[in-house]
Amino acid sequence: ALLEPSAGLGHLAVPARALGAVVQCVELSAPLAEVLERKGLEVTRGDFLELAPTLAGAFDRVAMNPPFERGADERHVRVAFGCLRPGGRLVSVVTPRTAELLADELGGHVEPLPEGSFQGPGVYRTTSVRCALLVVERPAAD
């Protein structure tokens, strides 16, 4: 099972489902949740940070592009990490600072993304924020 918290338009969830993943989205915005539902995705409506305790340890994978404002990406990734089962993997778009911090702390690795990765046609929100891809795995149970 794969979780996309703060799923927005489902740009991560839709391709994951196409590859055969069972996907659960969480979305706070009612209009965006409706878009996700029209795409046939399972959606839990609400604030991911508030709902996370009910999702703890429930997912094999988390794919996310969290909000970045005021360091929110760090908090969202930390909370989402708790949603993984032992042996699960989280992949997230984050700021380079957050990527380095959490890769060191959680034992993951960082893939830098090219400058301007989220600018141009077809992108939901254009941003010039530098980004990196953080990949971390929850240790397997003993």
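# Sheet, helices, cores and salt bridges in a predicted model

Seven strands make up an open sheet of mixed pairing, ordered E3-E2-E1-E4-E5-E7-E6. Its edge strands are E3 (42-45) and E6, each of which pairs on one side only. Averaged over the sheet and with direction ignored, neighbouring strands are turned by 20° against each other. The model is predicted. The points below cover the sheet and the helices packed on it, then helices H4 and H5, the nonpolar cores and the salt bridges.

**Sheet and packed helices**

- Strand E1 (residues 2-4) runs parallel to E4, and two bridges join them.
- Leu-2 has Arg-61 in E4 as its bridge partner.
- Helix H3 packs on the sheet, where it touches E1, strand E2 (23-27), E3 and E4. The direction of H3 makes about 145° with that of E2.
- Helix H4 also packs on the sheet, in contact with E4, E5 and E7. The direction of H4 makes about 160° with that of E5.

**Helix H4**

- H4 spans residues 72-81 and is mostly covered, with seven of its ten residues buried.
- Those buried residues are Ala-72, Asp-73, Glu-74, His-76, Val-77, Ala-80 and Phe-81. The list contains the charged residues Asp-73 and Glu-74, and Glu-74 returns below as a salt-bridge partner.
- The cover over the buried residues of H4 includes two helices, H3 (48-55) and H5 (96-106). It also includes the strands E4 (59-64), E5 (84-94) and E7 (132-137).

**Helix H5**

- Thr-98, Ala-99, Leu-102 and Ala-103 are buried in H5. Viewed down the helix axis, the buried residues of H5 fall within an arc of 120°, so they line one face of the helix.
- Arg-97 and Asp-104 are exposed on the other side of H5.
- Among the elements covering the buried residues of H5 are H4, E5, strand E6 (109-112) and E7.
- Gly-107, just after H5, takes a positive phi of about 80°.

**Nonpolar cores**

- The largest nonpolar core has 21 residues, and Leu-3, Phe-48 and Leu-90 touch the most other members.
- H3, E4, H4, E5, H5 and E7 are the elements that give two or more residues to this core.
- Leaving aside residues up to four places away in sequence, Leu-3 touches Gln-24, Val-26, Phe-48, Leu-55, Phe-59, Arg-61, Val-62, Ala-63 and Cys-83. Phe-48, one of these contacts of Leu-3, is also among the residues that touch the most other core members.
- A second core, separate from the largest, has eleven residues, including Leu-2, Ala-7, Val-23 and Leu-41.

**Salt bridges**

- The structure holds six salt bridges.
- Arg-78 and Glu-74 form one of them, with their closest N and O atoms 2.9 Å apart. Both residues lie in H4, four residues apart, which is about one turn of the helix.
- Glu-74 has a relative accessible area of 17%. It counts as buried because that value is under the cut-off of 20%. Its partner Arg-78 is partly exposed, at 33%.
- Glu-74 also forms a salt bridge with Arg-97, the closest N and O atoms being 3.1 Å apart. Arg-97 lies in H5 and Glu-74 in H4, so this pair ties together parts that are 23 residues apart in sequence.
- Another salt bridge links the side chains of Arg-89 and Glu-137, at 2.3 Å from N to O. Arg-89 lies in E5 and Glu-137 in E7, so the pair ties together parts that are 48 residues apart in sequence.
- Both of these residues count as partly exposed: Arg-89 has a relative accessibility of 33%, and Glu-137 has a relative accessible area of 39%.
- Through shared partners, salt bridges join Glu-74, Arg-78, Arg-97 and Glu-105 into one network.

Notes. Residues are numbered from 1 along each chain as its sequence is written. This is a predicted model: local features need pLDDT of at least 70, side-chain atom pairs count only at pLDDT 80 or more; totals for chains, interfaces and linings use all residues. Side-chain values use heavy atoms; hydrogens and water are left out. Buried means under 20% relative accessible area, exposed over 50%, partly exposed in between (1.4 Å probe, protein chains only). Contact means heavy atoms within 4.5 Å. A salt bridge is a side-chain nitrogen of Lys or Arg within 4 Å of a carboxyl oxygen of Asp or Glu. The arc is that of the directions from the helix axis to the C-beta atoms. Two strands pair if DSSP finds at least two bridges between them. Axes are lines fitted to C-alpha atoms, for helices over the stretch in contact, and angles run from 0 to 180 degrees between N-to-C directions. A nonpolar core is a set of buried Ala, Val, Leu, Ile, Met, Phe, Trp, Tyr and Cys residues joined through side-chain atoms within 4.5 Å.
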